[in-house]
Amino acid sequence: TCALPISWCQQPRPWLRGRNREQMNSRSASVAASVSWKGRVNAWDGALLIPKGIFFFLNVLLYTTYTYQAEYLQEVWDLKITHFGYIASIPSISFFCAIFWSALAQRTHRYRTIVVAVSLAYSSTFVLLHLLSPFLKEWPGRFYLVMAAFGLMSVLSSALFPLIDHKIYVKLSQDRRFSSRLFGNQRLWGTVGQGVGGLVAGMAINAFGFTSLFVISAVCCSVLVVLVSVGITNDNDRGPAGLKEADKLESAKTVSRHSQVLKLMTSAKFILFLLVVLIAGYSRAVVGNLLVLYLGGYFHVDRQYSGLLMLVRTVPEILCFYYSRWFLEHFGVNWMLFIAQMAGLVRVGAYGWLPASAKWMLFMIESLRGVNNAFMMAAGVRLAHDLAPQDGQTVAQGFFHGILGNLTTGIAGILTSVLSSILSASHPELSETQKITVIFRWSALASNVGLVVFLAFYATVRGSQPRLKLATVA
């Protein structure tokens with residue numbers, strides 16, 4: 001606070017000349033920007049409530065839709081597993097859409113506008129689809145309507161994580177009050193949102209039906225829009241003064257980026273790494289697509305029990321994320337990737353061969369999902385960084401996240417439809433739940449190929465990787 005009168009502070013001071021005046025103007029602009037952030041978002045100070053809230057409600061919004069998607073399509077729209085497999089394959093296009101949204105935001109600098117508009121459009125599409133269900137449930141073309149709606153939702157949702165991650169990471173990195181190492185602590189609240197959202201949605205569906213799922217979606221979207229509106233800016237991250245220079249550098253680096261993509265795609269180490277991620281991600285995605293439907297049909301558990309499983313599996317995931325530095329130090333990045341792969345393989349195999357009477361083991365099996373996700377993210381991000389040339393590290397991260405988060409889900413959906421069609425033709429006596437059991441068993445056997453690919457990858461990179469810089473691990 002200034003102890004002098006405001007009128008005196010506002011008077012022109014002609015004795016400021018040259019560099020002194022420039023320094024004071026620069027300092028005033030910096031203080032003004034800081035005050036602007038504090039005036040709009042006091043919660044960025046201290047506990048960082050705004051970024052935590054953004055990740056929490058974003059994950060509740062997206063994962064409650066994803067978790068109960070198969071059951072919703074079966075009960076409300078009367079669709080079969082074959083239909084659902086094709087619908088679940090749609091996220092594969094998000095691999096390309098995420099690149100489009102990122103390029104659009106980088107060019108227009110409208111990060112907040114894009115995130116708010118996309119969030120509202122996503123939730124509105126979901127709610128509108130449910131409002132139309134009583135009138136179109138018996139319509140012969142309902143499958144194409146549902147597929148188009150979920151396709152639009154997939155295109156829209158592909159913008160959220162890349163843009164939000166970027167803006168929050170940049171804010172933490174550039175603001176002197178924070179540090180980029182705090183980013184992982186904010187991301188953890190997304191995991192909490194997945195567990196809490198799954199449990200609350202399961203309880204609400206049990207009590208009030210699937211309409212409650214759309215109420216949750218609307219509420220979470222409203223809260224997310226408010227948090228994003230006050231916590232994310234449309235301003236260029238480097239400031240107005242550096243805008244022209246940034247545009248010049250951007251155009252100068254275009255050719256370099258193209259050459260780095262070619263280097264990545266011709267690197268044996270990087271290709272083997274992506275194959276490991278692809279196979280490990282498939283074993284996780286095929287279970288995620290069908291889990292709630294399978295739990296109800298095979299183990300005869302209600303949605304509240306399924307939601308509790310979603311919450312329990314977040315505990316080992318949070319612990320593994322929190323102690324990821326210790327795991328990197330004692331196991332190494334390669335063996336962390338192997339552990340993530342094995343956890344996913346054992347999980348899908350357990351669901352394929354576990355007897356229905358062993359319901360008590362479900363919590364142990366779902367704990368493997370937390371280990372799989374935490375270890376895959378901690379090791380995968382590091383390996384994508386280390387295996388790429390310096391100018392291609394951003395591209396490498398895009399490939400890693402796109403394959404793990406989107407492409408594997410699409411491949412799992414396509415293979416689910418194909419296997420379901422084959423089983424329907426060869427064994428028409430099988431129920432939908434029995435088909436899922438066979439799909440899980442085939443997926444577990446196919447995932448063993450990933451172990452062979454990992455051994456080839458390990459043999460290729462062993463002895464050639466740089467030592468871990470543990471101080472950089474958040």
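What is the accessible surface of the chain, and what percentage of it belongs to carbon and sulfur atoms? The accessible surface comes to about 22800 Å², and 65% of it belongs to carbon and sulfur atoms. The model shown in these views is predicted.

**Figure 1. Overview of the chain, with 21 helices and 0 strands.** The chain has 474 residues, of which 50% are buried. Among contacts with a separation of 6 or more, 83% join residues that are 24 or more positions apart.

**Figure 2. The largest nonpolar core, with 88 residues.** The residues with the most contacts inside this core are I54, L73, F150 and Y351. Helix α14, residues 268-299, supplies the largest share of the core, 11 residues. Apart from this core lies another, of 38 residues, which includes V277, I279, A384 and Y458.

**Figure 3. Close-up of I54 and the residues in contact with it.** Leaving out residues up to four places away in sequence, I54 touches I164 and I168. On the same terms, I54 also touches L224, L227, V228 and I232. I54 is one of the residues with the most contacts inside the largest nonpolar core.

**Figure 4. The cysteines C220 and C221, whose sulfur atoms are 8.8 Å apart.** The closest cysteine sulfur to that of C220 is in C221, and at 8.8 Å the two are too far apart for a bond. A disulfide requires sulfur atoms within 2.5 Å, and the count for the structure is 0 disulfides. C221 is likewise in no disulfide, as its nearest cysteine sulfur is that of C220. Both side chains belong to buried residues: C220 has a relative accessibility of 6%, and C221 has a relative accessible area of 3%.

**Figure 5. The loop residue H109, with a positive phi.** H109 is not a glycine, yet its phi is about 60°. Most residues other than glycine have a negative phi. H109 lies in the loop between α6 (94-108) and α7 (111-136). With a relative accessibility of 14%, H109 counts as buried.

**Figure 6. The loop residue H300, also with a positive phi.** The phi of H300 is near 60°, and this residue is other than glycine. H300 lies in the loop between α14 and α15 (303-312). Buried or exposed, which is H300? H300 is exposed, with a relative accessible area of 63%.

**Figure 7. Aromatic pairs of F454 in helix α21.** The structure holds 27 aromatic pairs. One of them, F454 with F457, is tilted, with 6.4 Å from centre to centre and 50° between the planes. F454 and F457 are 3 residues apart in helix α21 (residues 432-461), so about one helical turn separates them. F454 is buried with a relative accessible area of 0%, and F457 counts as buried at 0% relative accessibility. F454 also pairs with Y458, and this pair is stacked, at 6.1 Å from centre to centre and 20° between the planes. Because F454 and Y458 are 4 residues apart in helix α21, about one helical turn lies between them. F454 and Y458 are both buried.

**Figure 8. The aromatic cluster that contains F454, F457 and Y458.** Ring pairs link these three residues with F270, F273, W335 and F338. Y458 is also among the residues of the 38-residue nonpolar core.

**Figure 9. Two lysines placed over tyrosine rings.** The charged end of K167 sits over the ring of Y111, 4.8 Å from the ring centre. K359 lies over the face of Y305, and here the distance to the ring centre is 5.7 Å.

**Figure 10. A204 in helix α10 and its contacts.** Helix α10 spans residues 183-208 and includes A204. Which residues does A204 contact, leaving aside its neighbours within four places in sequence? A204 is in contact with G209, S212 and I216. The C-alpha atoms of A204 and V215 are separated by 9.8 Å, and the two residues are 11 residues apart along the chain. A204 is buried, with a relative accessible area of 13%.

Definitions and conventions:
Residues are numbered from 1 along each chain as its sequence is written. This is a predicted model: local features need pLDDT of at least 70, side-chain atom pairs count only at pLDDT 80 or more; totals for chains, interfaces and linings use all residues. Side-chain values use heavy atoms; hydrogens and water are left out. Helices (H or I, at least four residues) and strands (E, at least two) are DSSP runs, numbered from the N terminus. Buried means under 20% relative accessible area, exposed over 50%, partly exposed in between (1.4 Å probe, protein chains only). Contact means heavy atoms within 4.5 Å. Accessible areas come from the Shrake-Rupley method with a 1.4 Å probe; for residues, only the protein chains shown count as cover. A nonpolar core is a set of buried Ala, Val, Leu, Ile, Met, Phe, Trp, Tyr and Cys residues joined through side-chain atoms within 4.5 Å. Rings of Phe, Tyr and Trp (its six-membered ring) pair if their centres lie within 6.5 Å; planes under 30 degrees apart count as stacked, over 60 as edge-to-face and the rest as tilted. A charge sits over a ring if NZ of Lys or CZ of Arg is within 6 Å of the ring centre and within 35 degrees of the ring normal.
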